[in-house]
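Thanks for making the time this morning. I would like to walk through one model with you, so please have the sequence and the coordinates open as I go.

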Amino acid sequence: MSTPLPTSAPFALSTRILAGSLMSALVVIGVALSAVLPAPESVPLVTLAVQVLAGVAAHVLLEAVGYRTPALSTALTDEDAAAQARTRWQTLMIMRFAIAEFVAIASVAAAFVLPDGSILTYLGGAVVSLALMVVHVWPGARPVGKVADALEADGKRSGLREAFGGSAPGPVQRL
């Protein structure tokens, strides 16, 4: 008789694969655009400054709304709480991805519309979006912890940290 895998392992793996796929799409888009967009004559500094400012605005928006979710009901069973936590994590992750990707998508349009548009116009926005995705979309300790804190605000354990291989907050469990 074999030992079954814990249910959290496939969830964490599938979430990391999804996040990695979404993030790598920016590279694929860049490769495709490099065949279509003209070679850069100069670095568009004003465009880059606007992209960085848009990235800062997106970061502020992500911090304000990207981790908001109602706390889990204390009446839920542990299994139901874990299932709801995973569903809410995925929903919030996709929302955070959409907000983070905005700078790259706007940069695609700018690369075709602006007179000095080139592949560098897209690359500036893609780098800003990728940085936002590393901070807010990739299921690292910070985003998982922020969502878990929101879910556990009323005292019901979500199991979200444990699903990604982290440990529950509290006293040190081992030395």
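Let me begin with a question: leaving aside its neighbours within four places in sequence, which residues is Asp154 in contact with? This is a predicted model, so please hear what follows in that light. With those sequence neighbours set aside, the contacts of Asp154 are Ala71, Leu72 and Thr74. Asp154 itself sits in the loop between helix 5, residues 141-151, and helix 6, residues 160-163, and it counts as exposed because its relative accessible area, 54%, is over 50%. If you look from there to Val103, which is 51 residues away along the chain, you will find 35 Å between the two C-alpha atoms.

Val103 brings me to helix 3, residues 78-113, and to its partner, helix 4, whose axis comes within 8 Å of that of helix 3 and crosses it at roughly 175 degrees. The two helices are therefore roughly antiparallel to each other. On the helix 3 side the contact includes Arg96, Phe97, Glu101 and Val103, and on the helix 4 side it includes Tyr122, Ala126, Ser129 and Met133. By class, this contact has 12 nonpolar, 5 polar and 2 charged residues.

Turning to helix 4 in its own right, it runs over residues 119-136, and its 18 residues should span 26 Å at 1.5 Å a residue, which agrees with the 25 Å between its end C-alpha atoms. Its buried residues include Ile119, Thr121, Gly124, Gly125, Val128, Leu132 and His136.

Helix 4 also packs with helix 2, residues 45-65, at an angle of about 20 degrees and with the axes 9 Å apart. That angle makes helix 2 roughly parallel to helix 4, and the crossing is right-handed. From helix 2 the contact draws on residues including Thr47, Gln51, Gly55, His59 and Glu63, while helix 4 contributes Thr121, Gly124, Gly125, Val128, Leu132 and His136. The residues of this contact divide into 6 nonpolar, 8 polar and 1 charged.

One last residue, then: is Thr47, which lies in helix 2, buried or exposed? Thr47 is buried, because its relative accessible area of 14% is under 20%. Apart from its neighbours within four places in sequence, Thr47 is in contact with Leu114, Asp116 and Thr121, and Thr121 is itself among the buried residues of helix 4.

Definitions and conventions:
Residues are numbered from 1 along each chain as its sequence is written. This is a predicted model: local features need pLDDT of at least 70, side-chain atom pairs count only at pLDDT 80 or more; totals for chains, interfaces and linings use all residues. Side-chain values use heavy atoms; hydrogens and water are left out. Helices (H or I, at least four residues) and strands (E, at least two) are DSSP runs, numbered from the N terminus. The expected span of a helix is 1.5 Å times one less than its number of residues. Buried means under 20% relative accessible area, exposed over 50%, partly exposed in between (1.4 Å probe, protein chains only). Axes are lines fitted to C-alpha atoms, for helices over the stretch in contact, and angles run from 0 to 180 degrees between N-to-C directions. Angles under 35 degrees count as roughly parallel, over 145 as roughly antiparallel, 65 to 115 as roughly perpendicular and the rest as oblique. A crossing is left-handed if the near helix is turned anticlockwise from the far one by less than a right angle, and right-handed if clockwise. Contact means heavy atoms within 4.5 Å. Ala, Val, Leu, Ile, Met, Phe, Trp, Tyr, Cys and Pro count as nonpolar, Asp, Glu, Lys and Arg as charged, and the others, Gly among them, as polar.
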